[in-house]
Amino acid sequence: LPGVYETWQFLRPVADRLNALGHPIHTLRELGYNRLTIVASAELAQRYLDRRSLTGVAIVAHSKGGLIAKHMMVTDDRSGRIDSLVAINSPFGGSTLANWTPVRTLRALSPRDETVVTLAANRAANARITSIYSHLDPLIPGGSELEGATNIRLSMVGHFRPLASPALFAAVEGAIAARR
């Protein structure tokens, strides 16, 4: 699941790597540039899983995609299709920068946004989440560490830079292997 203003192509290096290792990859082209609300995006993604009767699902997500996947885990996934989430630079506590943007799509990532607050308060799914994040992410000043999750801090700077990093590939592969 991509972040806001991203298509699934942003995650293509990770998807290609996982596919080469034998993991089936599913993309949600219907998300487009991921400008829908977290709730609407989660409903769309859950319908995809349900229609295909997918089980044992490991979601790999970047940025806002991690919030969408967590929403699915705590609200939408009534059939228990999702086993785990590997989130990359996801603003689980929101981003203070979102408070200053005039664009509603980005303001929805504010630490004060009702959906972000609700997701942060719901810790039940955190044990099934691996949060992989940059040492310094200029778009998420508060970081992406998630209480109760497996947290992996990469020794690099950037929000997008890790997406093609061998260190990220190793961390994602390790997280998925640990949940199988």
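## Exercises around Ser 63 and its strands

Ser 63 sits in the loop that joins S1 to helix H3 (64-76). The model you are looking at is predicted, so let us work through it in that light.

**Exercise 1.** Find out whether Ser 63 is buried or exposed, and what is notable about its phi.

*Solution.* Start with accessibility: the relative value for Ser 63 is 6%. The cut-off for buried is under 20%, so Ser 63 counts as buried. Next, turn to the backbone: phi of Ser 63 is near 55°, a positive value in a residue other than glycine.

**Exercise 2.** Look at Ser 53 and say where it lies and what sign its phi has.

*Solution.* First place the residue: Ser 53 belongs to the loop between helix H2 (38-51) and strand S1 (57-62). Then read the angle: phi of Ser 53 is near 50°, which is positive, and the residue is not a glycine.

**Exercise 3.** Follow the chain from S1 to S2 and give the sense of the pairing and the handedness of the unit.

*Solution.* Begin with the bridges: S1 and S2 pair in the parallel sense over 6 of them. One pair to locate is Val 60 with its bridge partner Val 86 in S2. Now add the helix: S1, H3 and S2 form a β-α-β unit, and this unit is right-handed.

**Exercise 4.** Describe how S2 pairs with S3 and how well S2 is covered.

*Solution.* Strand S3 (residues 129-136) pairs with S2 in the parallel sense, over 4 bridges. Here Ala 87 has Ser 131 in S3 as its bridge partner. Finally, check burial: S2 (residues 82-88) is mostly covered, with 6 of its 7 residues buried.

How values were computed. Residues are numbered from 1 along each chain as its sequence is written. This is a predicted model: local features need pLDDT of at least 70, side-chain atom pairs count only at pLDDT 80 or more; totals for chains, interfaces and linings use all residues. Side-chain values use heavy atoms; hydrogens and water are left out. Helices (H or I, at least four residues) and strands (E, at least two) are DSSP runs, numbered from the N terminus. Buried means under 20% relative accessible area, exposed over 50%, partly exposed in between (1.4 Å probe, protein chains only). Two strands pair if DSSP finds at least two bridges between them. A crossover is right-handed if, with the strands pointing away from the viewer, the path from the first strand over the helix to the second runs clockwise.
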